[in-house]
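Here are my notes for the colleague who asked for a second reading of this entry. They are meant to be read with the model open alongside.

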Amino acid sequence: MKNIATFILSVIFPIVIITIVLRDASKDNILLEALKEEHSIPHVPSVDHSKHADLQRDFDNPHEVTATCISCHTERGDEVLSNAHWNWEREAYIEGRGVTYLGKKNLINNFCTGILSNEATCNRCHIGYGWFDDRFDHGNPYNIDCLICHDNSGLYDKARGGAGYPVPGLDLQTIVQQVGRPEKDNCGYCHFYGGGGNNVKHGDLESALLHASWDVDVHMSAEGASLECIDCHQTTNHQMLGRYYGVSSDNTMRATCEDCHTALPHVEKTLNEHAVKVACQTCHIPVYAKVNPTKMHWDWSTATDRLDGEPYEVLDTLGNLLYTSIKGEFHWRQNAAPDYLWFNGTADHHLISDIIGENDTMIYINTLFGDATDPNARIYPVKIHTGRQPYDTEHRTIIQAKLWDADPGMGALWVDLDWDEALAAGMEYVGMPFSGNYDFIDSRMFLRINHMVSPADQALQCEDCHTRSGGRLEGIEGVYIPAQTTHAAIDHFGILLLLFSFAGVVIHASLRYLAWRKRVKKTPDLIQKTMNR
Amino acid sequence: MKKVYLYTRYERFWHWTQAFLILFLALTGFEIHGSYRLFGFENAVLLHNNAAWILIVLIIFTIFWHFTTGEWRQYVPTSKNLKAQVAYYVTGIFRNTPHPTKKTSLSKLNPMQRLVYLGLKIIFIPVMVLSGLAYMFYRVQIDGAIQSPGLYDLYLVSAIHTLGAYILLAFVIVHIYLITTGHTLTSNLRAMVTGWEELEEEPLQEAEREVRRQDIKSK
């Protein structure tokens, strides 16, 4: 008894104590407290635009507003002219391609497929006025739409099909007197509605962020840090941090978690060590599309179907569009767990001029580079949007369709529901050959998940990845993940070793027992002597 | 038959603490390995690491004990009687032939035990400790940054550690069985609990002990 007590006191007790002490080491996260304090100070504007004499007048057209802005903010126009929000393209070096000039201006995607020949409607989300077609003057600062980003009145609105012009009849005088730093709904005006509706494209950027609860987004929620977009997407001279790899390619000017939280944000050092290979987002954004569904699949091949000669729509019980004659078939998901992949901050894109290989059954709209051996690569969460879109079976290139026009008979798919006309019109606009023969090809697009950061207690737990099967990182290769990564040969050998040891022991013991029985039979009085044997 | 005090208090404490720690490390270790779920991964890691540190401290104390008491001599391998010992386990034990090696307090271990325990001491346990430490310190936080020296491959380290764990477990299975082959089924177990074991007559025991004490002192 004494031995057992000593044993418990000397061995088990210390283990339990040490474990409890370490387990409950919930030291205050000093860094996080400092950040909270820093961001609790509200921004006080240095200027009240309603007091400016120049703004006490009516404006006939929006270009006049821009001219008035530039009359005081003299250098801002030039700044904007060199900004990607304005040019929709960037110079970037891509491995295998060299220096490229890519962006929304010339890239394809697998949502609405691309802006070319559709500028009048797509470019409602351009920070300019009048980008109706490729004749738009990107060098004229008076074409800049200052208000879409700087309107704090909430009254400003751009017209559908207006190539960036505001809806007619706005009270521009009231609006200009309330300009200021961009707020959530300025950025969200475009970024929440990419792909043609709320949360369609990104899955982690949507109107619910305007009034997000703590569970949805700790940064933007009023219960949390109540941050504006630009608090993270820091901007200097109209150059803002942040990369969207649907259009970006290089590892520069990224807005990162570490910008505020540093590379060592956790009190627990093991968690900090994870960040060498695992991006913050991977654990801290366990699900996206938390409030409204996001589009996961878009099949253009089923478009142009008619019911009784008329285009039609099919909705699910929640009101999500499952089919529409003008766009085809959609799949949606809500509270989606991301996919995960290695990413080093650089990406490639499928250009409209790229040739699709004879054996390719899938095109990658964008390719996120990186693998386990790359010191710059970490495991990131992504939304994978799959699509089926038209390509030229003869020239083997993706086809840009003309989707929109104000008038029927101009070849616009959404107006006339005629693929042949729409494809021909689109390719004619792009200036690329179209053979007239087309089919639809599967496509894949990778969208990084960066927003909708969950409260810490809802972050992924150890077992979400550290499990033999069904873990979040099941498809991730090239890195040792305890519990998930198996040592198959060693496990087989080890289990056999244990089985053989056990079997050997059982056989030996049985033989000993039989031998003892035999001896007992010969000399029965042996039983007493060797009872314990 | 004579009762002999074979295992000192520290030796027994060491033996049972090590036994418990090895089993506990196996239990938590194979959870980390992904073989089953018991404590939860985070707790398993925490328990495993703490138990590992306790075992390391115990090992350091025990190395000290081995040298100060001269008990390390028990593990000096010998080929004398080795064949006879193997033959005993393979055939003799079934015919009730006597143990080929007499157990005395000066020579507690038979030639097979000497070999196996020495192997544990100088190969298997060091490999487990070193691979475990290599695993623990694969990345370290120094001067506000995570350092990854990258001197070795974590997958390889974990493979070695896992292989060692299987071998140690196999040892435990066989060891637990072989302790039933003493004078009676439980005499070895009792000895390791109480320190006292019934042995065949050992006439020179005390005298020899005295000689060795002198021997150690003179060194």
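The points below take up the nonpolar cores, then one strand and its partners, and finally a histidine in a loop.

1. The coordinates are those of a predicted model, and the remarks that follow should be read with that in mind.

2. The largest nonpolar core comprises 29 residues, and those with the most contacts inside it are Ile15(A), Leu21(B), Phe30(B), Ala51(B) and Leu55(B). At least two residues of this core come from each of helix H17 (488-522) of chain A and, in chain B, helices H1 (9-32), H2 (41-69), H4 (111-136) and H5 (154-178). The greatest contribution is that of H2(B), which supplies eight residues.

3. Leu55(B) deserves a look of its own: once residues up to four places away in sequence are set aside, Leu55(B) touches Gln18(B), Leu21(B) and Leu25(B). Apart from the core just described there is another, of 27 residues, which includes Phe330(A), Ile398(A), Leu403(A) and Leu423(A).

4. Which strand of chain A is mostly covered, with 13 of its 15 residues buried? It is strand E13 (residues 378-392). E13(A) pairs in the parallel sense with strand E5 (residues 294-299) of chain A over three bridges, and here Asp299(A) stands opposite Arg388(A) of E13(A).

5. Other pairings of E13(A) run in the antiparallel sense. With strand E9 (residues 339-343) of chain A there are five bridges in the antiparallel sense, and Phe343(A) faces Arg378(A) of E13(A) as its opposite residue. With strand E15 (residues 438-448) of chain A the antiparallel pairing extends over 11 bridges, and Gly387(A) stands opposite Ser443(A) in E15(A).

6. E13(A) is also joined by two bridges to strand E14 (residues 397-398) of chain A, again antiparallel, with Tyr391(A) opposite Ile398(A) in E14(A). These two strands, E13(A) and E14(A), form a hairpin with four residues between them, and Arg396(A), which lies in the turn, has a positive phi of about 55 degrees. Ile398(A) is also among the residues of the 27-residue core.

7. His466(A) sits in the loop between helix H16 (462-465) and H17 of chain A. Is this residue, His466(A), buried or exposed? His466(A) counts as buried because its relative accessibility is 14%, and buried means under 20%. The side chain of His466(A) reaches the backbone oxygen of Pro482(A) at 2.7 Å. Neighbours within four places in sequence aside, His466(A) is in contact with His274(A), Ile481(A), Pro482(A) and Ala483(A), and also with Phe41(B) of the other chain.

Conventions:
Residues numbered from 1 in each chain as written. Chains lettered and ligands numbered in written order. Predicted model: local features only at pLDDT ≥ 70, side-chain atom pairs only at ≥ 80, totals over all residues. Heavy atoms only, no water. Core = buried A, V, L, I, M, F, W, Y, C linked by side-chain atoms within 4.5 Å. Buried < 20%, exposed > 50% of the residue type's maximum accessible area, 1.4 Å probe, protein only. Contact = heavy atoms within 4.5 Å. Pairing = 2+ DSSP bridges. Polar contact = N/O pair within 3.5 Å; in protein donor to acceptor, adjacent residues only side chain to side chain.
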